[in-house]
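Got the viewer open and a selection box handy? Here is a tour, stop by stop, of what to pick next and what you will find there.

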There are 2 protein chains.
Amino acid sequence: MNIILSRDSQVRVMEDTVTNAEKSFGQFCSLLAAYTRKTARLRDKADQLVKQLIDFANTENPEMRATLRNFAEDLAKVQDYRQAEVERLETKVVNPLKLYGVQIKQTRAEIKKFKSVRNNEIKQLEKLEKLRQKSPSDRQTISQAETSVQRASVDASRTSHQLEETVDTFQKQKLKDIQKIFSDFVTIEMVFHAKAVEVYSSAFQTLESYDLEKDLEDFRAKMHGVYGRYDARPPLMDTTLSPALPWSLAQNAQSTIRSQRKEAMSEDDSAEEDPVEDLRGQAQRLHQ
Amino acid sequence: MNIILSRDSQVRVMEDTVTNAEKSFGQFCSLLAAYTRKTARLRDKADQLVKQLIDFANTENPEMRATLRNFAEDLAKVQDYRQAEVERLETKVVNPLKLYGVQIKQTRAEIKKFKSVRNNEIKQLEKLEKLRQKSPSDRQTISQAETSVQRASVDASRTSHQLEETVDTFQKQKLKDIQKIFSDFVTIEMVFHAKAVEVYSSAFQTLESYDLEKDLEDFRAKMHGVYGRYDARPPLMDTTLSPALPWSLAQNAQSTIRSQRKEAMSEDDSAEEDPVEDLRGQAQRLHQ
């Protein structure tokens with residue numbers, strides 16, 4: 001009976017190993033899938049920030065415009081690396097964890113098979129025990145039952161050996177996979193963070209080298225340019241009207257100013273062709 | 001009339017500047033607040049992963065247990081830095097953008113004040129114009145109206161000058177703030193990513209140095225230990241029962257095996273005191 005008991009315990013160790021792995025890998029899988037999704041949402045938010053930066057840049061004077069566009073480009077680059085991070089996490093971390101279910105099912109099937117073989121052994125043993133108690137003198141029937149027990153024991157022993165090997169392989173693979181999956185996780189994260197440091201260092205330089213004074217000069221020129229068409233800063237007393245200037249002419253003058261401002265702005269806008277498109281193209285390249 | 005027109009345009013430039021800043025800063029504020037929130041969610045997910053890693057580690061053999069606990073500790077460290085990132089983004093990026101509304105309101109009030117002064121100037125001018133057309137010979141009334149126009153013009157000119165200074169200051173502050181806020185954003189991100197690279201490098205070492213063979217030996221010993229109590233690998237034929245061995249004794253033997261396994265596991269568990277508590281304590285220190 002000791003063999004059967006030890007097998008019972010052995011099966012319990014194996015079942016515990018498999019059950020625990022199934023539960024834990026399932027939880028790791030859903031947690032890491034959620035981690036990947038949250039990373040993707042962070043990327044989406046940053047992508048919106050990039051778009052907003054470019055929109056805002058287009059309303060600013062050349063210095064700030066160039067600074068913000070460069071910064072937006074760097075921020076977009078970080079998101080490209082984040083996108084690569086998301087894809088790698090899915091491929092090298094989440095998917096292997098998902099596929100783990102298959103391996104666990106196979107091992108479970110082996111354990112189930114062993115259990116039925118072991119149950120047969122117990123059944124034969126019980127049969128023999130009953131025979132010995134009921135008809136201890138029926139040597140022939142007892143001998144037949146002993147043969148059945150022996151056959152069942154051989155089966156159980158062989159299956160037990162197979163099971164042991166299966167669970168050993170399972171455990172080895174499990175430990176290897178944990179090491180591999182988390183090493184891959186760490187590598188993917190490390191690469192992303194290292195790239196982010198690199199790109200943000202360049203972004204920092206861009207922002208540091210922004211020339212505020214030059215931009216303010218442009219702004220002031222724009223403001224005074226409106227005056228400038230008539231007189232830079234008219235003397236305070238020069239405010240009496242010439243009755244000769246008709247309202248209609250004044251209206252024309254105003255619309256000229258407007259269209260000129262508009263021209264100046266659209267000229268600035270055309271200096272670079274659709275930066276969003278550029279970034280997307282770049283993103284596609286990086287994602288390939 | 002040209003002065004009024006130029007002032008009209010000037011006011012429009014100023015209003016555009018303020019309106020655009022208000023809109024853009026509002027959008028930047030909500031985008032960066034959302035970015036910060038998404039970062040916090042990523043931290044939460046990773047915190048759950050840390051907890052799950054520790055739970056799983058506690059069910060594993062000593063080698064894997066130590067490896068996973070060290071890895072979990074590193075992962076928790078990264079979340080501490082992420083928490084610091086979240087707090088800094090709130091303090092140095094989101095809050096300054098929120099406070100921006102106050103500055104915009106002040107500038108809007110200045111523009112409104114100027115507009116009413118300018119409207120008065122136009123009213124006086126129109127009054128003068130009417131007088132000149134209706135009673136061109138009423139020198140005294142026209143002279144009075146001319147004085148009113150002059151006074152209104154002086155007012156408008158002074159207010160215009162003030163407004164110009166206000167908007168100049170506003171624009172200067174705005175450009176400075178953009179540079180400052182995004183530089184802070186980049187610095188905060190850069191510091192976080194650099195720390196993450198550092199911690200993940202150590203985590204990678206931890207995972208690399210994991211000794212799979214040693215762990216498998218432990219696992220095999222555990223499995224064979226169950227056999228080992230009786231006989232390492234009994235000969236196949238030694239399966240006939242001694243009828244002298246009662247079922248009750250066999251039951252006792254089984255429960256002994258169980259309690260020994262349990263003891264071995266609880267001994268392993270007590271090797272380190274509540275690692276989750278440790279990590280929390282560490283997190284608190286880092287956050288202070």
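Select A:Lys38 and show its surroundings: leaving out residues up to four places away in sequence, A:Lys38 touches B:Arg41, B:Leu42 and B:Lys45. Keep in mind as you look that this is a predicted model. A:Lys38 sits in helix H1 of chain A. What is the nearest side chain of opposite charge to A:Lys38? That is B:Asp44, 8.1 Å away, and A:Lys38 has no salt bridge although it is buried.

Now click on B:Asp44. Its salt bridge is with B:Arg43, and the closest N and O atoms of the two are 2.9 Å apart. Colour this pair by accessibility and you get two classes. B:Asp44 counts as partly exposed because its relative accessibility is 35%. B:Arg43 counts as buried, and the figure for B:Arg43 is 16%, under the 20% cut-off for buried.

Next, pick four arginines together: A:Arg37, A:Arg41, B:Arg37 and B:Arg41. They form a positive surface patch. Which helices each supply at least two residues of the positive patch? Helix H1 of chain A, residues 2–57, and H1 of chain B. Zoom in on one of the four, B:Arg37, which is placed in helix H1 of chain B. B:Arg37 has 46% relative accessibility, so it counts as partly exposed.

Stay on helix H1 of chain B, which covers residues 2–57, and move to B:Gln52. Buried or exposed, what would you call B:Gln52? B:Gln52 is buried, as its relative accessible area is 8%. For the company it keeps, turn on chain A: with neighbours within four places in sequence set aside, B:Gln52 is in contact with A:Ser24, A:Gln27, A:Phe28 and A:Leu31.

Still in chain B, go to B:Asp211, B:Glu213, B:Glu217 and B:Asp218. Here the charge is negative, and these four gather in a patch on the surface. Take B:Glu213 as your sample from this group: B:Glu213 lies in helix H4 of chain B, residues 212–228. With 39% relative accessibility, B:Glu213 counts as partly exposed.

Time to hide chain B and look at chain A by itself. Chain A has six helices and zero strands, so a cartoon view reads α-α-α-α-α-α along the sequence. Of its 288 residues, 47% count as buried. Switch on a surface and chain A exposes about 14300 Å², with carbon and sulfur atoms supplying 49% of that. For a contact map, consider contacts in chain A between residues at least 6 apart in sequence: 86% of them join residues at least 24 apart.

With chain A still on screen, try some of its charged pairs. Side chains of opposite charge can pair when their charged atoms come close. Over all chains, the structure holds 22 salt bridges.

Start with A:Glu63 and A:Lys214. They form a salt bridge in which the closest N and O atoms are 3.6 Å apart. A:Glu63 lies in helix H2 of chain A (residues 62–134) and A:Lys214 in helix H4 of chain A (residues 212–228), so this pair ties together parts that are 151 residues apart in sequence. A:Glu63 is the buried partner, at a relative accessible area of 17%, while A:Lys214, at 45%, is partly exposed.

Then slide along to A:Asp74 and A:Lys77, another salt bridge, whose closest N and O atoms are 3.8 Å apart. About one helical turn separates A:Asp74 from A:Lys77, because they are three residues apart in helix H2 of chain A. A:Asp74 has a relative accessibility of 6% and so counts as buried. A:Lys77 is partly exposed, with a relative accessible area of 27%.

For the last stop, keep A:Lys77 selected and add A:Glu126, also placed in helix H2 of chain A. A:Glu126 is partly exposed, at a relative accessible area of 40%. How many Å apart are A:Glu126 and A:Lys77, C-alpha to C-alpha? Draw the distance line: 73 Å in space, for 49 residues in sequence.

Conventions
Residues numbered from 1 in each chain as written. Chains lettered and ligands numbered in written order. Predicted model: local features only at pLDDT ≥ 70, side-chain atom pairs only at ≥ 80, totals over all residues. Heavy atoms only, no water. Patch = residues over 30% accessible without salt bridge, like charges linked within 9 Å, V, L, I, M, F, W, Y side chains within 5 Å. Areas by Shrake-Rupley, 256 points an atom, 1.4 Å probe, with all protein chains shown as cover. Lys, Arg positive; Asp, Glu negative; His and termini not counted. Charge placed at Lys NZ, Arg CZ, Asp CG, Glu CD. Buried < 20%, exposed > 50% of the residue type's maximum accessible area, 1.4 Å probe, protein only. Contact = heavy atoms within 4.5 Å.
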